[in-house]
Structures are given as C-alpha cells and as structure tokens.
Amino acid sequence: MSKPTVILVHGAFGDASSWRSVFEHLDSDEYDVLAAAIPLRGVASDASYLGAVIDQLDGPVVLVGHSYGGCVITVAGASGKVAGLVYVAGFVPDEGESISDLQARYPSLAMGNFLQPRPLPDGDVELTVDPQRFHDIFCADVPDADANFMARAQRPLLATAFEEPAVAAAWRVKPSWGVFGTGDQPIAPQLHRFSYERAGSTVTEVEGASHFVMLSKPGVVADVIREAVQACSANVAA
C-alpha cells in the first residue's frame with residue numbers, strides 16, 4: 001500500500017509558499033507533498049476547492065492545515081480519501097461552529113484592532129493585517145526580512161469567513177495531530193489546548209514559537225507530519 005499524499009493548506013494572510021521550509025524537510029521522504037493554493041473566499045468555498053484537489057489524487061491523503069486552514073481541512077477532511085488531519089496552529093471547529101465562536105471562548109492575545117478592511121466592488125469586504133504589526137503579532141520569531149516580505153505579500157480573507165460555520169467536523173471520525181507555539185498571539189494557546197483536547201489529537205507544544213510555527217520551527221512541524229503519515233499508513237495497511 002502506497003503512503004498517503006500530504007496536502008499542506010495555508011491559512012489567511014499567507015500563501016502556499018509559507019510551507020516551503022516544511023516541504024524541504026519532507027521532500028526527501030517517500031510520499032508526495034503538495035502545497036495547495038487556497039482562494040480564501042470562505043470555509044465552504046475553500047473546502048470545496050480543496051475537495052476538488054483531493055478528488056484528483058489516488059490513495060489516502062493526510063491534510064495539514066495552518067490557522068484558518070484548520071477550518072478548511074476540518075470540512076474537506078470528510079472525504080473518504082482523507083486518512084488523517086494535522087493542525088498547525090490551526091482552528092479546529094466542530095460542526096456548526098465558526099472561528100468567531102471559537103475565539104469567543106479564548107480571545108486572541110493580540111492587542112487592538114490589527115485587521116484592515118477593504119471593500120470590494122461586489123459589496124464584500126476583504127481583510128488584511130496591518131503591515132506594521134504583522135511581524136510582532138504573527139511571526140515574531142521569523143527573520144525581519146522574511147516577515148517584512150510576508151506583511152506585504154498577504155493574501156486577504158473575506159471577512160464573512162470568520163462567521164461561517166463548519167458544515168462537517170472530520171476530526172470526530174478521523175485521527176488528528178496538533179502542533180502550536182506557546183507564543184501564538186492570533187490564536188490563544190488556551191484555545192489550541194481546548195480544541196486539540198476536544199478532538200482527541202496527539203499534541204506537540206513548541207515553547208515560545210509564534211503563530212507561523214512552520215516557518216520558525218519547520219523541523220518540528222515536519223516531524224509531526226511524519227508521525228501522522230506513519231500512523232495513517234499503518235491504519236490503511238491494516
């Protein structure tokens with residue numbers, strides 16, 4: 001039985017390139033790794049897009065979601081091809097639950113309003129992060145030059161995505177892993193602990209790491225993904 005394909009799913013305000021360091025750690029392994037480019041148009045829309053990517057693949061899939069991408073893999077993970085879920089500082093909603101619902105339990109530790117709205121011609125509103133605050137809030141342990149570029153290469157998220165409930169919760173029926181930094185500001189460490197305990201996830205805490213833990217500690221994140229792949233491969237073989 002072939003090993004699963006790993007699909008890396010970025011979050012809001014980032015893009016697929018945020019996975020490059022993790023990809024480089026995994027690329028020498030014996031399974032395929034894809035970094036999907038998610039439109040960031042809302043949970044249902046993005047999960048549908050990811051589902052189309054999954055449908056094109058043969059064999060089992062392990063989904064890896066960062067931040068908002070955690071919501072996307074929670075819904076798309078309902079696919080019969082998905083063998084496991086890895087949350088990298090990711091939201092883990094239950095069915096019918098939104099990001100706003102989760103953050104009402106344990107609010108973000110980032111102080112003040114750091115999101116900037118931008119109206120679109122169709123009446124929708126996109127959100128980005130104030131570039132002057134991006135480094136300190138999202139990736140304080142990432143080199144200045146990298147953080148500066150990330151702040152100015154953001155992918156905006158539709159504002160309505162924060163209120164959109166998940167229509168499925170794949171973690172209820174599939175194994176999951178969680179890894180996060182204790183220095184995460186956008187998603188409080190207490191929320192990560194609550195979410196991963198509720199999901200029955202195997203959890204790795206990275207002392208002091210920021211929200212973009214896959215950039216500052218790519219080796220640790222890659223090891224968690226390997227653990228998930230090995231476990232899912234054993235389950236599939238059984």
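**Figure 1. Helices α2 and α3 are oblique to each other in this predicted model.** Helix α2, which spans residues 43–55, packs with helix α3, residues 69–76, at an angle of about 60 degrees, and their axes lie 8 Å apart. This angle falls outside the range of 65 to 115 degrees that counts as roughly perpendicular and is not under 35 degrees, the limit for roughly parallel, and the pair is therefore described as oblique. The crossing of α2 and α3 is right-handed. By class, the contact between the two helices comprises nine nonpolar residues, one charged residue and no polar residues. On the α2 side the participants are V43, D46, A47, L50 and I54, and these meet C71, V72, I73, V75 and A76 of α3.

**Figure 2. L50 in the largest nonpolar core of the predicted model.** This core holds 79 residues, and among them I7, L50, L63 and I225 touch the most other members. Helix α9, residues 218–237, supplies the largest share of the core, with seven residues. When neighbours within four places in sequence are left aside, L50 is in contact with I7, V9, I38, L63, V72, I73 and A76.

**Figure 3. Surroundings of G90, a buried residue in the predicted model.** G90 is placed in the loop between β4 (82–88) and α4 (99–105). Its relative accessibility is 2%, and because buried means under 20%, G90 counts as buried. Not counting residues up to four places away in sequence, G90 touches G65, H66, S67, G70, I187, H192 and Y196. S28, by comparison, is 62 residues from G90 in sequence and 25 Å from G90 in space, C-alpha to C-alpha.

Methods
Residues are numbered from 1 along each chain as its sequence is written. This is a predicted model: local features need pLDDT of at least 70, side-chain atom pairs count only at pLDDT 80 or more; totals for chains, interfaces and linings use all residues. Side-chain values use heavy atoms; hydrogens and water are left out. A nonpolar core is a set of buried Ala, Val, Leu, Ile, Met, Phe, Trp, Tyr and Cys residues joined through side-chain atoms within 4.5 Å. Buried means under 20% relative accessible area, exposed over 50%, partly exposed in between (1.4 Å probe, protein chains only). Helices (H or I, at least four residues) and strands (E, at least two) are DSSP runs, numbered from the N terminus. Contact means heavy atoms within 4.5 Å. Axes are lines fitted to C-alpha atoms, for helices over the stretch in contact, and angles run from 0 to 180 degrees between N-to-C directions. Angles under 35 degrees count as roughly parallel, over 145 as roughly antiparallel, 65 to 115 as roughly perpendicular and the rest as oblique. A crossing is left-handed if the near helix is turned anticlockwise from the far one by less than a right angle, and right-handed if clockwise. Ala, Val, Leu, Ile, Met, Phe, Trp, Tyr, Cys and Pro count as nonpolar, Asp, Glu, Lys and Arg as charged, and the others, Gly among them, as polar.
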